[in-house]
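Here is a short tour for anyone who likes to look at a model before computing with it. We will go through pockets, cysteines, a serine contact and some aromatic rings.

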Amino acid sequence: MIIDFHTHCFPDNLAPKALAKLSEAAGIPPFTEATVVSNIRKMDECGIGLSVVCNIATNERQMTKVNSFAIDVNDFSTRLVALGSAYPDSPLLEKELERLIDHDIYGIKIHPEYTPYYIDSPAWRKVFALCREMGIFLVTHAGYDFTSPDRIAVTPERLGRMLDEFPDLTVVAAHLGGNRMWEEVERHLCGRENLYLDTALLAAEGLSPALALSVIRKHGADRVLFGSDLPWSDPAVEMTFVRSLGLNETELTGILETNAITLLYR
């Protein structure tokens with residue numbers, strides 16, 4: 001079973017507006033309507049058995065609604081594993097994380113570009129400490145993002161400092177640890193035991209296959225997860241890229257399936 005560890009969707013009533021706004025800002029045409037049903041349809045087309053839905057609270061007010069949507073998505077289909085989210089300034093932070101656990105959600109996605117804080121800022125420490133204590137893994141955007149082209153909140157160096165401070169927190173860094181910053185990933189992140197990297201958007205970003213393979217081998221293929229960033233890239237194209245890298249069968253099976261199972265069902 002192929003698992004796509006990095007996808008996005010929105011509630012049906014919000015999807016058209018959200019998709020149009022993000023697509024125009026990014027200059028990227030979407031590959032689905034970014035609804036639950038359209039994403040499952042795309043999964044079927046690409047032979048994907050399970051997708052992880054990465055939800056993001058882009059401000060304090062959104063957090064509760066975003067987490068309620070994650071709960072609803074998990075209730076809708078067993079083929080989707082929705083993650084919650086957290087915003088560092090919210091007084092409801094601990095309560096919301098407890099609510100996620102009550103609904104068997106043990107992972108959150110954050111996107112520090114939507115906050116005033118870099119990933120290694122003290123403002124995030126409560127989020128990270130609570131996740132560590134509660135056994136919640138953390139997925140973070142990493143590297144360049146169109147929403148903040150002049151301010152990269154999660155550079156490999158900053159993420160490395162955060163990991164040094166929270167060595168027992170399990171973290172997934174999207175876009176192979178740092179979109180458009182892969183040489184820095186090799187210097188600051190490769191080999192860290194508490195860190196997974198996902199492959200989202202690598203083909204769309206035009207990453208050199210040689211550099212991708214170098215990062216994966218230096219980090220350890222057993223801590224790399226296949227991801228597409230649907231609806232912003234076609235899972236079939238991203239999967240073809242991963243399969244083209246020259247990985248052996250054990251490495252490839254891990255990236256496409258078993259590494260994700262280990263993380264999701266530990």
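The largest pocket holds about 1200 Å³ of space, in what is a predicted model. Its lining is made up of 38 residues. If you would like to centre your view on this pocket, F10, L22, I56, T58 and Y114 are the lining residues nearest its centre. Three elements give two or more residues each to this lining: α1 (15-26), α3 (63-76) and α8 (202-205). Which of the elements gives the most to the lining of the largest pocket? That is α1, with six residues. By class, the lining of the largest pocket has 20 nonpolar residues, along with ten polar and eight charged ones.

Next comes the second largest pocket, with a volume of about 350 Å³. Here 20 residues form the lining, and V81, D104, I105, Y106 and L264 lie nearest the centre. At least two residues of this lining come from each of α3, β3 (80-85) and α11 (249-264). β3 gives the most to the lining of the second largest pocket, with four residues. The classes in this lining are twelve nonpolar, five polar and three charged. Helix α3 is worth a click in your viewer, as it supplies residues to the lining of the largest pocket and also to that of the second largest.

The two linings can be set out by class:

| Pocket | Nonpolar | Polar | Charged |
|---|---|---|---|
| Largest pocket | 20 residues | ten residues | eight residues |
| Second largest pocket | twelve residues | five residues | three residues |

Now to the cysteines. How many disulfides does a search of the whole structure find? The answer is zero. C46 is in no disulfide, and the nearest cysteine sulfur, which belongs to C9, is 15 Å away. A disulfide needs two cysteine sulfur atoms within 2.5 Å. C54 is in no disulfide either, with the sulfur of C9 again the nearest, at 9.9 Å. Are C46 and C54 buried or exposed? C46 has 13% relative accessibility, so it counts as buried. C54, at 3% relative accessibility, counts as buried too.

A serine offers a local detail to inspect. S148 sits in the loop between β5 (137-140) and α6 (156-165). With a relative accessible area of 11%, S148 is buried. A polar atom of the S148 side chain lies 2.6 Å from the backbone oxygen of R151.

The last stop is the aromatic rings, where the structure holds three pairs. One of them is W124 with F128, a stacked pair with 5.9 Å from centre to centre and 10 degrees between the planes. W124 is buried, with a relative accessible area of 1%, and F128 is buried with a value of 1% as well.

F128 also pairs with F166. What is the geometry of that pair? The ring centres of F128 and F166 are 5.6 Å apart and the planes stand at 75 degrees, so the pair is edge-to-face. F128 belongs to helix α5 (residues 125-134), while F166 is in the loop between α6 and β6 (171-173), so this pair ties together parts that are 38 residues apart in sequence. Like F128, F166 is buried. Put together, W124, F128 and F166 form one aromatic cluster.

Notes. Residues are numbered from 1 along each chain as its sequence is written. This is a predicted model: local features need pLDDT of at least 70, side-chain atom pairs count only at pLDDT 80 or more; totals for chains, interfaces and linings use all residues. Side-chain values use heavy atoms; hydrogens and water are left out. On a 1 Å grid over the protein atoms alone, a cavity is a set of points where a 1.4 Å probe fits but cannot get out, and a pocket is an open set with protein on both sides within 12 Å along at least five of seven lines; lining residues have an atom within 4 Å of a point. Grid points are joined across faces, edges and corners, and a volume is the space filled by probe spheres set on the points. Ala, Val, Leu, Ile, Met, Phe, Trp, Tyr, Cys and Pro count as nonpolar, Asp, Glu, Lys and Arg as charged, and the others, Gly among them, as polar. Buried means under 20% relative accessible area, exposed over 50%, partly exposed in between (1.4 Å probe, protein chains only). A polar contact is a pair of N or O atoms within 3.5 Å; within protein, one must be able to donate a hydrogen and the other to accept it, and residues adjacent in sequence count only if both atoms are side-chain atoms. Rings of Phe, Tyr and Trp (its six-membered ring) pair if their centres lie within 6.5 Å; planes under 30 degrees apart count as stacked, over 60 as edge-to-face and the rest as tilted.
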